[in-house]
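Student: Please take a close look at a single part of this model, one helix with the loops on either side, and set it in the context of the whole chain before moving outward to other places worth inspecting. I would like one connected account rather than a list.

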Amino acid sequence: MAKTCFKALLVASYGRNYLAKPIHQLDANLPEYVEVISRGRKKEAAVGDELLLESTSNHQAVIQAIQPRKNLLFRSDAFRSKSIAANVDQILLVLATEPAFSPDLLGRAAIVAAHANIELRILLNKVDLHDSLEKARTLLAPYRTLQIPIHEISAKYDIHGAQSLASLQPLLAGKVSVLVGQSGMGKSTLLNYWVPNASAQTREHSTKLDTGKHTTTACKYYSLPQAWGELNNQCGALIDSPGFQEFGLAHLSESELQHAFTEFAPFLGNCRFNNCSHAHEPGCAVQEGVKLGAISPLRLQLFSQLVHESRNATQQVLERSS
Ligand SMILES: Nc1nc2c(ncn2[C@@H]2O[C@H](COP(=O)(O)OP(=O)(O)O)[C@@H](O)[C@H]2O)c(=O)[nH]1
Ligand SMILES: [Mg+2]
Ligand SMILES: [Zn+2]
């Protein structure tokens, strides 16, 4: 078979094994899906990436290039980073009343979204479980103040008193949204509600990629139903990510962190010391912001924690290379 180059959308990633869907299938005699082999230690691709591929067989190809991205969502520690998704329009952070969600993960997701300039929506799921609802609302209060949209839903029962899932459809239509959150929060339940053929899409991916070989959990791209309508000729999609407990942000520098805490903005530059860490220095304007009630003490605590981790990561890298 002659070598062909073509563009494709990365729709599933299992570690460094990918499945891609050719974009202009009418142009050439291309299969519906191709398995993508990553050669060597090239830059990692992510679900949602547009790839330039070169075929190596009827159903396999190698990456020639990753097209420039609008954004890339990933987490990292000092030495490794894990891609979640690329070219996304919004992050849907799924939290539940039970099991209780991690406020730390919530805080980190908000920082990642602010840093990458991606819209964030919080879906507070399982509001049918009344006993834990107030506690969840309390944990969310600082984020309500930050004007992050919070939707109270019940993915399983879609009950009265919750915002109906159907009413959220216009917020998804035509956009690429990524579902993130710990496992057990209800991401799969939501996906199956909104994309009724999701399990069929998964089965199709699995047969094409022989997923038996790939045991690592995957990020997957599901096209939204055509009936929802289009935006710029796109149906949009939901990207499902494996649940994670850790959300390392070691790749963010201290200054990037500072700017991702958007409510710090009016206070930055007004501290007595130029290199103020906003921890315990006298004349700190950010601390003053906390006293004025403009900054939640929990958010300043998270900032200090993230700065600490960022410095540690830098230190670890230096130690390893010396
Ligand atoms: N009570 C209640 N349970 C739910 C709701 N949504 C999901 N669940 C349950 O929560 C568990 C985890 O859901 P799942 O969608 O697998 O979560 P994921 O790990 O985030 O994908 C399952 O047993 C669901 O049936 C809800 O709105 N209310
Ligand atoms: Mg799931
Ligand atoms: Zn300060």
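Tutor: Of the 322 residues in the chain, 34% are buried, a share that should be read as belonging to a predicted model. The chain has eight helices and 13 strands, and its radius of gyration is 21 Å, close to the 20 Å that the globule rule gives for 322 residues, so the chain is as compact as a globular protein of that length. Taken along the principal axes, the box filled by its C-alpha atoms is roughly 70 × 60 × 35 Å. Among contacts between residues at least 6 apart in sequence, 66% join residues at least 24 apart.

Against that background, the part to examine closely is helix H1, which runs over residues 103-116. H1 has 14 residues and reaches 20 Å from its first C-alpha to its last, close to the 20 Å expected at 1.5 Å a residue. Its buried residues are Leu-106, Gly-107, Arg-108, Ala-109, Ala-110, Ile-111, Val-112 and Ala-113, a list in which Arg-108 is worth marking on the display.

The loops on the two sides of H1 each carry a backbone feature to check. On the side before the helix, the peptide bond from Glu-98 to Pro-99 is cis, with omega near -10°, and Pro-99 lies in the loop between strand E8 (90-96) and H1. On the side after the helix, H1 is followed by Asn-117, which has a positive phi of about 60° although it is not a glycine. Asn-117 belongs to the loop between H1 and strand E9 (119-125), and because 9 other C-beta atoms lie within 10 Å, Asn-117 counts as exposed.

A positive phi also turns up further along the chain, at His-278, where the value is near 60° in a residue other than glycine. His-278 sits in the loop between helix H6 (254-260) and helix H7 (285-291). With 24 other C-beta atoms within 10 Å, His-278 is buried, whereas Asn-117 is exposed.

Turning back toward the N terminus from H1, strand E6 (residues 72-76) and strand E7 (residues 81-86) pair in the antiparallel sense over five bridges, and a hairpin of four residues joins E6 to E7. Two of the pairings can be followed by eye: Ser-76 stands opposite Ser-81, and Phe-74 has Ser-83 as its bridge partner in E7.

Moving in the other direction along the chain, one comes to the surroundings of ligand 1, where 17 residues form the shell, the closest being Lys-156, Gly-186, Lys-187, Ser-188 and Thr-189. Helix H4 (residues 187-194) gives the largest share of that shell, three residues. By residue class, the shell around ligand 1 divides into four nonpolar, nine polar and four charged residues.

Two further residues complete the survey. Thr-202 has its place in helix H5 (residues 198-209) and counts as partly exposed, because it has 17 C-beta neighbours inside 10 Å, while the cut-off for a buried residue is 20 or more. Between the C-alpha atoms of Thr-202 and Trp-228, which are 26 residues apart along the chain, the separation is 20 Å. Ser-223, in strand E12 (residues 218-223), is likewise partly exposed, with 18 other C-beta atoms within 10 Å. Ser-223 touches Cys-235 and Ala-237, when residues up to four places away in sequence are not counted. The C-alpha atoms of Ser-223 and Gly-174 are separated by 9.6 Å, with their positions 49 residues apart along the chain taken as the sequence distance.

To return to the part you asked about, the picture is of a 14-residue helix with a cis peptide bond from Glu-98 to Pro-99 in the loop between E8 and H1, and with Asn-117, whose phi is positive, following H1.

How values were computed:
Residues numbered from 1 in each chain as written. Chains lettered and ligands numbered in written order. Predicted model: local features only at pLDDT ≥ 70, side-chain atom pairs only at ≥ 80, totals over all residues. Expected span 1.5 Å × (residues − 1). Buried ≥ 20, exposed ≤ 12 C-beta atoms within 10 Å, placed from the backbone. Near = placed C-beta within 6 Å. Nonpolar A, V, L, I, M, F, W, Y, C, P; charged D, E, K, R; others polar. Rg over C-alpha atoms; globule rule 2.2 N^0.38 Å. Contact = placed C-beta atoms within 7 Å. Pairing = 2+ DSSP bridges.
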